[in-house]
Amino acid sequence: MARKGIMGGTFDPIHYGHLVTAEEVRDYFNLDEVVFVPSGRPPHKVGQKITDPEHRYLMVVLATVTNPYFSVSRVEIERPGPSYSIDTVRYFRKLWGEETEIFFITGADAFAQISTWNNPQELLTMCTFVAASRPGYKLNIDRNFRDNVRVIEVSALAISSSEIRRRVRRGESIKYLLPEAVEHYIYKTGLYRDEI
Ligand code: ATP
Ligand code: MG
């Protein structure tokens, strides 16, 4: 049976927190592949300013190119309407067939919001959820969901996309928080520089 991971996110921009999490989960669960899925229109970020999906997609490609197990999907970018994870998991279930175990990777903060997602029950039965937690962080898991959720502690990385955007706006260094190619891409395109 094949084992594949899906790592969804806004990736505005992608950083080492995302990459370390995906790699540790891949290694721990012995996954054959982890597919990064940049969100087209994140339903939970409506009203917030989000960078053009093509920029976010390209940064994910640049960040993942050095890992042979990582790939990037455009499925949520191409799909019209809000990006619901349930539609994405249905898509990969169909693409990969029943013989593949699907691991849906989220950070603990995203997992804590799962009850607000579209159709969480069905989503949880379609795949194995991996909630990546920081050491010491207590994650509450609804009893109905427990069988389909695996919690894994990943090396604590207090990096967030919002902090990186804030630093770029203020002209502060973002070195070592994200891959160099992504850092250069941000400067070359002027992303996040003039954000309010
Ligand atoms: P923002 O600050 O804009 O909310 P973010 O850094 O949280 O961005 P997202 O694209 O929202 O990044 O997150 C995508 C996924 O990665 C989510 O499941 C989130 O929980 C997880 N994640 C984000 N940052 C980290 C981190 N430092 N370590 C582990 N997982 C993370
Ligand atoms: Mg977030």
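# Close-up views of a predicted model

**View 1. The end of helix 7 and the burial of its residues.** Gly171, a residue with a positive phi near 75°, follows helix 7, and this legend, like those below, describes a predicted model. Within helix 7 (161–169), the buried residues are Ser161, Ile164, Arg165 and Val168. Those four residues lie on the same side of helix 7, because the arc that they cover around the axis is only 100°. Helix 8 (180–189) is included in what covers the buried residues of helix 7.

**View 2. The shell around ligand 1.** Ligand 1 is surrounded by 17 residues, of which the closest are Gly9, Gly17, Gly107, Ser161 and Ser162. At least two residues of the shell are supplied by each of helix 1 (16–28), strand 4 (100–107), helix 5 (108–111) and helix 7, and the largest share, 3 residues, belongs to helix 1. Sorted by class, the shell consists of 10 polar, 5 nonpolar and 2 charged residues. Ser161 thus appears both among the closest residues to ligand 1 and among the buried residues of helix 7.

**View 3. The open sheet and its edges.** Six strands form an open sheet in the order 3-2-1-4-5-6, and their pairing is parallel. The edges are occupied by strand 3 (70–72) and strand 6 (149–153), and because each of these has a single partner strand, one side of each is left without a neighbour in the sheet. From one strand to the next, the twist averages 30°. In general, the strands of a sheet pair through backbone hydrogen bonds, either parallel or antiparallel.

**View 4. Two strand pairs within the sheet.** Strand 1 and strand 2 run parallel and are joined by 6 bridges; here Gly5 has Val34, in strand 2, as its bridge partner. Strand 2 is largely enclosed by the rest of the structure, since 5 of its 6 residues are buried. Strand 5 (residues 128–133) likewise runs parallel to strand 6, and 5 bridges join the two. Opposite Ser133 stands Glu153, which belongs to strand 6.

**View 5. Helices lying across the sheet strands.** Helix 2 (residues 53–64) lies across strand 2 (33–38) and strand 3, and its direction is at about 160° to that of strand 2. Helix 4 (residues 85–96) lies across strand 1 (2–9), strand 2 and strand 4, and runs at about 155° to strand 1. Strand 2 is therefore crossed by both helix 2 and helix 4, and 5 of its 6 residues are buried.

**View 6. The surroundings of Arg93 in helix 4.** Arg93 is a residue of helix 4, and it is partly exposed, because 14 other C-beta atoms lie within 10 Å, whereas a buried residue would have 20 or more. When its neighbours within four places in sequence are left aside, Arg93 is in contact with Ile102 and Met126. Although Arg93 and Met126 are 33 residues apart along the chain, their C-alpha atoms are separated by 8.0 Å.

**View 7. Thr51 in the loop before helix 2.** The loop between strand 2 and helix 2 contains Thr51. Thr51 counts as partly exposed, because it has 19 C-beta neighbours inside 10 Å and 20 or more would be needed for it to be buried. Apart from neighbours within four places in sequence, the residues in contact with Thr51 are Asp12, Arg56 and Leu191. Asp87 is 36 residues away from Thr51 in sequence, and the C-alpha to C-alpha separation of the two is 22 Å.

Notes. Residues are numbered from 1 along each chain as its sequence is written. Chains are lettered from A and ligands numbered from 1 in the order in which they are written. This is a predicted model: local features need pLDDT of at least 70, side-chain atom pairs count only at pLDDT 80 or more; totals for chains, interfaces and linings use all residues. A residue is near a molecule or strand if its C-beta atom, placed from the backbone, lies within 6 Å of it. Ala, Val, Leu, Ile, Met, Phe, Trp, Tyr, Cys and Pro count as nonpolar, Asp, Glu, Lys and Arg as charged, and the others, Gly among them, as polar. Two strands pair if DSSP finds at least two bridges between them. Axes are lines fitted to C-alpha atoms, for helices over the stretch in contact, and angles run from 0 to 180 degrees between N-to-C directions. Two residues are in contact if their C-beta atoms, placed from the backbone, lie within 7 Å. A residue is buried if 20 or more other C-beta atoms lie within 10 Å of its own, exposed if 12 or fewer, and partly exposed in between; C-beta atoms are placed from the backbone. The arc is that of the directions from the helix axis to the C-beta atoms.
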